[in-house]
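Student: I should like a close look at a single part of this structure, the sheet. Please describe how its strands are paired, and then follow the account outward to whatever packs around it.

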Amino acid sequence: MREADGKAQRRPRHRTHEPPMCRRATHAHPRECTVFRWIRLTLAGFGLLLLAAGLALPVLAPPVAAAACPACYGLKRAGTSLMVDRAMTATDRARLARDLSTAGDKVRVFYGPFEPAALVIACASQACNQRLGGRGALARTWATPFGDIIDLAPKGLNATILAHEFSHVALHQHAGLPAMLGETIPAWFDEGLAVIVSDDPRYLKPGAQGHERCVVSPAWPLPSSAGDWGARAGRDRMIYAQAACAVLAWMEANGGRAGALAAIDAAAGTPADAMRPAKSARLPRPGETFLWPVRGNPL
Ligand SMILES: [Zn+2]
């Protein structure tokens, strides 16, 4: 280093936070230094975001946190897409495997080919259910960017409940996460369809025709958002029967099962399957009502 006026040039006392390239190379272009700063800030912001998510997940969505750390929640892996309570007996494990198979078959009857892109977390004890934040729900489906997660309470370990949750998964797979988050598909349609696909005897009468199966007429408006649905369902479980009745009425007016599948594809922005009719059924909009014509009104 050259000396000026016989004195050594002083180094700055404070430590610089410039990237090495900017510190060492006096010829480094200022724009390159700016780019480095932005990269550093972006990485720091991303790290903070990950830290916040890591702290919030166990509180806001315990099953999602459990998927990342099964042992932290008393769970163990029982397959690539199944985690079970450590307290689950071998007999219950075998019954669960049969129920998973039956539930998949029920969903295929409606949706066609279906491989659930979902992780199932099954609790056999109340302690497990409490660790996962269960508050009375038999099962819940969590839509995440990495796939759906289904958590089952001990009383939800049966083929009907599993088929209900698989119906949600199938709908998410057909419609795509953006359509679900954007509430393109009303919550009452999603839930009513799940009741029909699972053939839930709590909310449907036996019968071949839609109107024969309806237990209770819907009291409109039914909730369109998942948040509103959760609040209403917490107060009155028969809202599931109302939603099923509304979907049956909609399907009767819109081409039945094929019309529903075509409308779901259309909502996702994907072309309808060639096997499905060209009929341009569309999903109901928030606030729209679907009641049986007077002739078929079941109540
Ligand atoms: Zn549901």
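Tutor: In this predicted model, strands S3 and S5 pair in the parallel sense, over 5 bridges. One position in that pairing can be picked out by residue: Leu-119 has Ile-149 of S5 as its bridge partner. Strand S5 spans residues 147-152, and 5 of its 6 residues are buried, so that the strand is mostly covered.

S5 also pairs with S4, here in the antiparallel sense and over 6 bridges. A hairpin of 2 residues joins S4 to S5. Two facing positions show how these strands are aligned: Ala-139 is opposite Leu-152 in S5, and Trp-142 is opposite Ile-149 in S5. Ile-149 therefore appears in both pairings, as the bridge partner of Leu-119 and as the residue opposite Trp-142.

On the S3 side, the pairing continues to strand S2. Residues 82-85 form S2 and residues 118-122 form S3, and the two strands pair in the parallel sense over 3 bridges. Within this part of the sheet, Met-83 is placed opposite Ile-121 of S3.

Taken as a whole, the sheet is open and has 5 strands in the order S1-S2-S3-S5-S4, with mixed pairing. Its edges are strand S1 (75-79) and strand S4 (139-144); each has a single partner strand, so one side of each lacks a neighbour in the sheet. From one strand to the next, the twist averages 20°. As for the side chains, those of a regular strand alternate between the two faces of the sheet.

What lies across the sheet? Helix H6, residues 159-175, lies across S3, S4 and S5, and runs at about 15° to S4. H6 also meets a further helix, H12 (residues 256-268): the two axes come within 8 Å and cross at roughly 50°. An angle of that kind falls outside the roughly parallel, antiparallel and perpendicular ranges, and H6 and H12 are therefore oblique to each other. Their contact involves Leu-171, His-174 and Ala-175 from H6, which meet Ile-264, Asp-265, Ala-267 and Ala-268 from H12.

The sheet also contributes to the interior. In soluble globular proteins, nonpolar side chains tend to be buried together. Here the largest nonpolar core has 68 residues, and the residues with the most contacts inside it are Ile-121, Ala-122, Leu-152, Ala-243, Ala-244 and Val-247. Helix H11 (residues 239-253) supplies the largest share of this core, 12 residues. The core is drawn from both domains, with at least three residues from domain 1 (61-175) and at least three from domain 2 (183-299). Two of the core residues have already been met in the sheet: Ile-121 of S3 is the residue opposite Met-83, and Leu-152 of S5 is the one opposite Ala-139.

Ala-243 leads from the core to the surroundings of H11. Leaving aside residues up to four places away in sequence, Ala-243 touches Trp-188, Glu-191, Gly-192, Val-195, Pro-218 and Leu-222. Trp-188 and Glu-191 belong to a helix-helix contact as well. Helix H8 (residues 187-198) packs against helix H10 (residues 226-235) at an angle of about 55°, the axes being 9 Å apart. These two helices are therefore also oblique to each other. Ala-187, Trp-188 and Glu-191 of H8 make the contact with Ala-226, Asp-228 and Trp-229 of H10.

Two backbone features occur in the loops beside these helices. In the loop between H8 and H9 is Asp-199, whose phi is near 55°, a positive value in a residue other than glycine. Asp-199 counts as partly exposed because 17 C-beta neighbours lie inside 10 Å, whereas 20 or more would make a residue buried. Pro-221, in turn, lies in the loop between helix H9 (210-213) and H10. The bond between Trp-220 and Pro-221 is a cis peptide bond, with omega about 0°.

For overall context, the protein has 12 helices and 5 strands. Of its 299 residues, 33% are buried. Among contacts with a separation of 6 or more, 65% are between residues 24 or more positions apart.

Methods. Residues numbered from 1 in each chain as written. Predicted model: local features only at pLDDT ≥ 70, side-chain atom pairs only at ≥ 80, totals over all residues. Core = buried A, V, L, I, M, F, W, Y, C linked by C-beta atoms within 7 Å. Buried ≥ 20, exposed ≤ 12 C-beta atoms within 10 Å, placed from the backbone. Helix = DSSP H or I, 4+ residues; strand = E, 2+ residues; numbered from the N terminus. Domains from an automatic or database assignment. Contact = placed C-beta atoms within 7 Å. Axes fitted to C-alpha atoms, helices over the stretch in contact; angles between N-to-C directions. Parallel < 35°, antiparallel > 145°, perpendicular 65-115°, else oblique.
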